[in-house]
Amino acid sequence: MPKATLMREHPVAARLRAAAAVLVVVAGCLSGCVTSSAQEVAAPPPKPLAPCAWWYGIGRAPTPAEIEQAARRYRVVVLNADQGAAMRRLHQLNPQVKVLVYKDLSSTRNYPGAVDGGQDAAYLPSGIGYVAAQRDHPEWFALDDRGRRIEWQGYPKHWQMTVWDPAYQQAWTDAVVAEVNREGWDGVLADNDFNSLSHYSSAVLAGTANVEETDRKLRDGLDAFLSRAGDAFTAAGKLLVPNVSETHLVPGRWTAHSRFGGAMEENFGFREDGGTGGLLTFRGNEFQELRAQAALGESLLLLVTRTRNAQQERAGYASAALLAGPRTCWTRATTDDYRGPEWSALQDSGLGEAVDAAGRLPNGVWTRTFTHGWVAVNTTSATQTVTPPAGLVAPGSRPPATQTSPAPASPEPVSLEAADGLVLVKPS
């Protein structure tokens with residue numbers, strides 16, 4: 001695993017301890033705290049609201065109607081670099097929306113649109129153009145142990161770059177910071193901050209002995225890359241939000257890579273064992289790091305749940321609600337190519353503000369109470385039982401008839417299937 005050299009000024013362990021302390025404050029001081037020295041009322045902590053909505057709009061150019069809708073619906077929008085006009089329209093319609101530009105950390109590309117007429121496009125999906133790299137810095141193309149360039153499997157004309165090379169890191173950083181400043185983006189969504197090359201290629205990098213050494217070289221390179229780029233974006237007053245993968249495997253990686261504005265989890269609420277196990281997000285240290293970051297409220301959590309049925313949608317939204325904080329945003333993905341805006345009826349459920357921290361029951365079910373509702377998530381691979389608070393209904397349900405008995409009946413336990421979620425709200 002990568003050595004813990006990611007945070008020279010803010011060690012990961014110290015960051016996690018500080019974040020854990022904030023969880024205690026959020027759980028116990030939602031009404032405000034009093035300092036012990038001056039006995040002054042401290043500023044109230046940021047409100048842990050139900051997850052906001054966001055749009056990963058990289059599949060195609062948005063229509064004018066979609067931009068109008070996005071300004072009303074979403075708190076964060078990610079667009080391709082050639083959609084500067086759409087970004088400026090969103091800012092005009094709603095200055096509170098954060099609009100990030102998509103840029104890939106790990107590849108350069110030469111498919112049509114990235115390279116046209118033998119020239120790099122004016123607006124690139126990567127930081128470094130294929131033509132420019134081929135002409136001026138061919139050494140930035142990563143090579144396998146046979147001296148061949150590495151094209152990503154399943155993604156033709158995507159070429160792995162030497163993310164560990166300080167010269168490549170600096171050139172990418174300089175180019176993207178300059179573009180973000182020039183065009184007026186709020187920051188960058190930096191894709192492919194990955195944990196293993198195996199998702200794209202079985203190649204072994206030149207100079208490494210096996211797949212494990214290859215992955216370590218890439219991880220260590222991306223650790224240094226994020227530090228270099230993050231410092232530059234911070235100095236420019238912009239956000240750097242990487243799409244960081246498999247952080248349950250490397251303790252501290254989410255915390256370190258999210259410190260320059262946030263991070264994206266593209267497989268949030270993903271079910272283990274080919275869809276038969278529990279929820280992967282709750283394995284290892286990932287959930288605790290996400291939870292601590294959410295409570296701090298300083299950076300974005302951009303969560304994506306791939307949904308093919310109502311159970312996956314419930315589990316994803318309810319899991320995001322367990323992490324609800326001032327800057328926790330969730331979306332579902334019903335397609336693999338993000339072709340259009342996504343919206344779930346659960347985002348209209350009206351949970352309100354969290355009144356406690358998420359808690360785990362002995363049977364592995366997590367629950368959390370909100371001002372207008374309650375959520376539960378069974379993170380395990382077996383059906384579990386949970387008892388909801390009294391008087392709550394499913395979102396969109398009609399309120400019950402007027403009670404004629406002296407007191408309502410006690411709530412009944414319900415069975416919650418493996419990797420399922422439950423969202424209940426007060427009757428309208």
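**Close-up 1. Asp336, an exposed partner in a salt bridge.** With a relative accessibility of 57%, Asp336 counts as exposed, because the cut-off for that class is over 50%. Its partner, Arg308, counts as partly exposed at 49% relative accessibility. In this predicted model, the side chains of Arg308 and Asp336 meet in a salt bridge, with N and O 2.9 Å apart. Arg308 sits in the loop between β11 (300–306) and α9 (310–322), while Asp336 belongs to the loop between β12 (328–333) and β13 (359–360), so this pair ties together parts that lie 28 residues apart in sequence.

**Close-up 2. The network around Arg308 and Asp336.** Let us widen the view a little. Salt bridges link Glu266, Arg306, Arg308 and Asp336 in a network.

**Close-up 3. Arg332 and Glu342 in a salt bridge.** Here the side chains of Arg332 and Glu342 come together, 3.4 Å from N to O. Arg332 is part of strand β12 and Glu342 of the loop between β12 and β13, so the pair ties together parts that are ten residues apart in sequence. Glu342 counts as buried, its relative accessibility being 12%.

**Close-up 4. Asp104 and Arg109, a buried pair.** Do look inside for this one: Asp104 is buried, with a relative accessible area of 0%, and Arg109 is buried too, at 7%. Both values fall in the buried class because its cut-off is under 20%. The two residues form a salt bridge whose closest N and O atoms are 3.1 Å apart.

**Overview. Salt bridges in the predicted model.** To place these views in context, the count for the predicted model comes to 16 salt bridges.

Methods. Residues numbered from 1 in each chain as written. Predicted model: local features only at pLDDT ≥ 70, side-chain atom pairs only at ≥ 80, totals over all residues. Heavy atoms only, no water. Salt bridge = Lys/Arg side-chain N within 4 Å of Asp/Glu carboxyl O. Buried < 20%, exposed > 50% of the residue type's maximum accessible area, 1.4 Å probe, protein only. Helix = DSSP H or I, 4+ residues; strand = E, 2+ residues; numbered from the N terminus.
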